[in-house]
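User: Please take a close look at the charged side-chain pairs in this model, and then set beside them what can be said about the cysteines and about the enclosed space inside. I would like one connected account rather than a list.

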Amino acid sequence: MRNITKVIKGLGTTNIISVKSDDDNVEKVLSDIEMLIQGYDRLWSIYSPDSLVTTLNKKGEVYTFSSKTIDIVRRAMQYSIDTDGYFDITTRPLNIIWKNAIKNKKMPAKADIDDARNSVDYRGISLLGNEIKLKKGQSIDLGGIAKGFLLDEIIIMLNDASITNATVNLGGAVGIIGRNEILIRNPFKPLKSRDMSYILSVDIEDKCVVTSGSYEQEYEKNGNRYHHIINPMTGYPADTNIKSITLIGDEGSKLDAYATGIFSMDISDVMKLLCKNNIEMIAILNDGRILATDSIKTNIKEVQYEKYNKR
């Protein structure tokens, strides 16, 4: 059986598709997946001046023939309802403020945060047929759900091609067909460190896995830690003791959205949400403790943990 790996740039990350198969059609499937990733990148990238999302953010409304765009926005709105608004694709104005603050290591003005916060509310999005409208002053960013949504689409394509052994890694959103071991990176190891360190390994079979961490973009000031995961209710980075969170389930788009919202939610509400949706969780806390739902605990192994269990 051949091992075939394809590396594809898109949606702000490096996407790696690894397949084990002797089927002659595998190369065609991987080529189709590359076209899919590049197509979604053209539609949804906030960095492209010509993308559909950029046009929507500029004009406040857009008519699209892309049923997938309508679908992802509709799902995003549903996941906002599921998380009581703690996941919200309209936080883009706040994301920009805090991205600059973290880059310059300088606290933003409260007035700027309050002003941006006034435009954040997923309920301001209107879907009517193929038309998407935003409330005045709103802008969206699909980055918190796009990788998970794309992961679901790729898994469907691989299953339709009768692929029985594959790993899809979209930079934090991973899909497994068959059985494989997933490594969770060490959130206490500097992100740009040369020697990539992993803290846990998890045995997975036919599941999606999404990991999100507050360590990816952060800085400390006056003893307070500021990061890129924003609480839509306050306009500030989520006040959380979670360093990284990994969710395991059947729907990548749902896991992707929930992994963002959970950072701002009360733990009792988190557990209800996970139980209702049959999702497993592994959370690594700031003090080095590991919390995991019961069903996944037996699948976890610790890797290089003692050396880096505290920052």
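Analyst: What follows goes through the salt bridges, then the cysteines, and then the internal cavity. Please keep in mind throughout that this is a predicted model.

Across the whole structure the search finds 14 salt bridges, and a few of them are described here in detail. The pair of Asp32 and Lys28 is a local one: both residues lie in helix H1, which covers residues 26-44, and they stand four residues apart, about one turn of the helix. Their closest N and O atoms are 2.8 Å apart. The two partners fall into separate accessibility classes, since Asp32 is partly exposed because its relative accessibility is 26%, while Lys28 has a relative accessible area of 52% and is therefore exposed; the cut-off for exposed is over 50%.

The salt bridge between Lys133 and Glu61 spans a longer stretch of sequence, with an N to O distance of 4.0 Å. Lys133 belongs to strand S5 (residues 131-133) and Glu61 to strand S3 (residues 61-63), so this contact ties together parts of the chain that are 72 residues apart in sequence. The distance deserves a careful reading, because a salt bridge is counted here when the nitrogen and the carboxyl oxygen are within 4 Å, and the value given for this pair is 4.0 Å. Both side chains are partly exposed, Lys133 with a relative accessible area of 36% and Glu61 with one of 37%.

Another pair that links distant parts of the chain is Glu205 with Arg179, whose closest N and O atoms are 2.6 Å apart. Here Glu205 sits in strand S9 (residues 198-205) and Arg179 in strand S8 (residues 179-185), with their positions 26 residues apart in sequence. Glu205 counts as partly exposed at 43% relative accessibility, and Arg179 likewise counts as partly exposed at 48%. Besides these pairs, Asp71, Arg75 and Asp152 are linked in a network of salt bridges.

Turning to the cysteines, the search of the whole structure finds zero disulfides. For Cys208 the nearest cysteine sulfur is that of Cys275, 20 Å away, whereas a disulfide would need the two sulfur atoms within 2.5 Å, so this pair is not counted as one. The reverse holds as well, in that Cys275 is in no disulfide and has the sulfur of Cys208 as its nearest cysteine sulfur. Their surroundings also contrast: Cys208 is buried, with a relative accessible area of 5%, and Cys275 is exposed, with a relative accessible area of 66%.

Finally, the enclosed space. Rolling a probe the size of a water molecule over the atoms shows where empty space is left. The count comes to one cavity of 30 Å³ or more, and about 30 Å³ of space lies in the largest cavity. The residues that line this cavity are Leu52, Val53, Leu56, Val62, Thr69, Val73, Ile132 and Ile140. Helix H2 (52-59) and helix H3 (67-82) are the elements that give two or more residues to the lining, and the largest share, three residues, comes from H2. In character the lining divides into seven nonpolar residues, one polar and no charged. Charged side chains are thus absent from the cavity wall, while the salt-bridge partners described in detail above include the exposed Lys28 and the partly exposed Asp32.

Technical notes: Residues are numbered from 1 along each chain as its sequence is written. This is a predicted model: local features need pLDDT of at least 70, side-chain atom pairs count only at pLDDT 80 or more; totals for chains, interfaces and linings use all residues. Side-chain values use heavy atoms; hydrogens and water are left out. On a 1 Å grid over the protein atoms alone, a cavity is a set of points where a 1.4 Å probe fits but cannot get out, and a pocket is an open set with protein on both sides within 12 Å along at least five of seven lines; lining residues have an atom within 4 Å of a point. Grid points are joined across faces, edges and corners, and a volume is the space filled by probe spheres set on the points. Ala, Val, Leu, Ile, Met, Phe, Trp, Tyr, Cys and Pro count as nonpolar, Asp, Glu, Lys and Arg as charged, and the others, Gly among them, as polar. A salt bridge is a side-chain nitrogen of Lys or Arg within 4 Å of a carboxyl oxygen of Asp or Glu. Buried means under 20% relative accessible area, exposed over 50%, partly exposed in between (1.4 Å probe, protein chains only).
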